[in-house]
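Q: Please take a close look at a single residue of this model. Which residues does it touch, and how does its setting fit into the rest of the chain?

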Amino acid sequence: MAGAKLVVLYPTPRDSAEFERAYRDEHSPMVTPATFKGMTKFVASRITGAAGGGPAPYARIAELHFPSLEVLQAAASDEPAQRAVAHAISISSGGAPVFLVAEEETRTF
């Protein structure tokens, strides 16, 4: 069975320092297995540049990992998760974040 993840892409904010403060102090602590039932891993990446050297279109990428698509969907429908999603939208001053659902295949080398 393939795992699943929710991927959140945050556009470059108008005020990077304020976004980082809100993300670190307010939002990231909300992303827990108590909020997203069944979540097995949370990866928060701060984008430092684009491969071609130009400006990156996103400031952060968050990945919430789940054992299956069904577990992800059930978690996302719970009220605590809905509050966390609303908070993600509220702190994204560079535009609405992009939410993607993905099935995942992992190979470890």
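**One residue and its surroundings**

A: Val101 touches Lys5, Leu6, Leu69 and Leu72, leaving out residues up to four places away in sequence; contact means heavy atoms within 4.5 Å. The model is predicted, with local features needing pLDDT of at least 70 and side-chain atom pairs counted only at pLDDT 80 or more, while totals for chains, interfaces and linings use all residues. Residues are numbered from 1 along each chain as its sequence is written, and side-chain values use heavy atoms, with hydrogens and water left out.

Val101 sits in strand S4; helices (H or I, at least four residues) and strands (E, at least two) are DSSP runs numbered from the N terminus. Its relative accessible area is 53%, which means that Val101 is exposed. In these terms buried is under 20% relative accessible area, exposed is over 50%, and partly exposed is in between (1.4 Å probe, protein chains only). Leu72, one of the residues that Val101 touches, is 29 residues away along the chain, and the two C-alpha atoms are separated by 8.7 Å.

The sheet comes next. Four strands form an open, antiparallel sheet in the order S2-S3-S1-S4, where two strands pair if DSSP finds at least two bridges between them. Strand S2 (41–46) and strand S4 (98–104) each have a single partner strand and stand at the edges, so one side of each has no neighbour in the sheet. From one strand to the next the twist averages 15°; axes are lines fitted to C-alpha atoms, for helices over the stretch in contact, and angles run from 0 to 180 degrees between N-to-C directions. H1 packs on this sheet and touches S1, S2 and S3, its direction making about 20° with that of S3. H2 packs on the sheet as well, touching S1, S3 and S4, and its direction makes about 50° with that of S1.

Away from S4, the pairing can be followed through S3. S1 and S3 run antiparallel and are joined by eight bridges. Leu9 has Ile61 in S3 as its bridge partner, and Pro11 stands opposite Tyr58 in S3. S2 and S3 also run antiparallel, with six bridges between them; there Val43 has Glu63 in S3 as its bridge partner. Seven of the nine residues of S3 are buried, so S3 is largely enclosed by the rest of the structure. Strands of a sheet pair through backbone hydrogen bonds, either parallel or antiparallel.

Turning to the interior, the largest nonpolar core has 20 residues, and Tyr10, Phe36, Leu64 and Phe66 are those with the most contacts inside it. Strand S1 (3–11), helix H1 (16–27), strand S3 (58–66), helix H2 (69–77) and H3 each give two or more residues to this core. A nonpolar core is a set of buried Ala, Val, Leu, Ile, Met, Phe, Trp, Tyr and Cys residues joined through side-chain atoms within 4.5 Å. Beyond its neighbours within four places in sequence, Tyr10 is in contact with eleven residues' worth of the chain's sequence: Phe19, Tyr23, His27, Pro57, Tyr58, Ala59, Arg60, Ala62, Ala88, Ser92 and Pro97.

Two residues of H3 give a contrast to the exposed Val101. Ala84 lies in helix H3 and is buried, with a relative accessible area of 1%. Not counting neighbours within four places in sequence, Ala84 is in contact with His27, Met30, Thr35 and Phe36. Its C-alpha atom is separated by 12 Å from that of Pro33, which is 51 residues away along the chain. His87 is placed in helix H3 (residues 79–91) too; it is buried, at a relative accessible area of 16%. With residues up to four places away left aside, His87 touches Ala22, Glu26, His27 and Met30.

For the whole chain, there are three helices and four strands, which run β-α-β-β-α-α-β from the N terminus on. The radius of gyration is 14 Å, close to the 13 Å that the globule rule gives for 109 residues, so the chain is as compact as a globular protein of that length; the radius is taken over C-alpha atoms, and the rule is 2.2 Å times the number of residues to the power 0.38. The C-alpha trace spans about 40 × 35 × 20 Å along its principal axes. Of the 109 residues, 34% count as buried. Among contacts between residues at least 6 apart in sequence, 74% join residues at least 24 apart. The accessible surface of the chain comes to about 6400 Å², with 56% of it belonging to carbon and sulfur atoms; accessible areas come from the Shrake-Rupley method with a 1.4 Å probe, and for residues only the protein chains shown count as cover.
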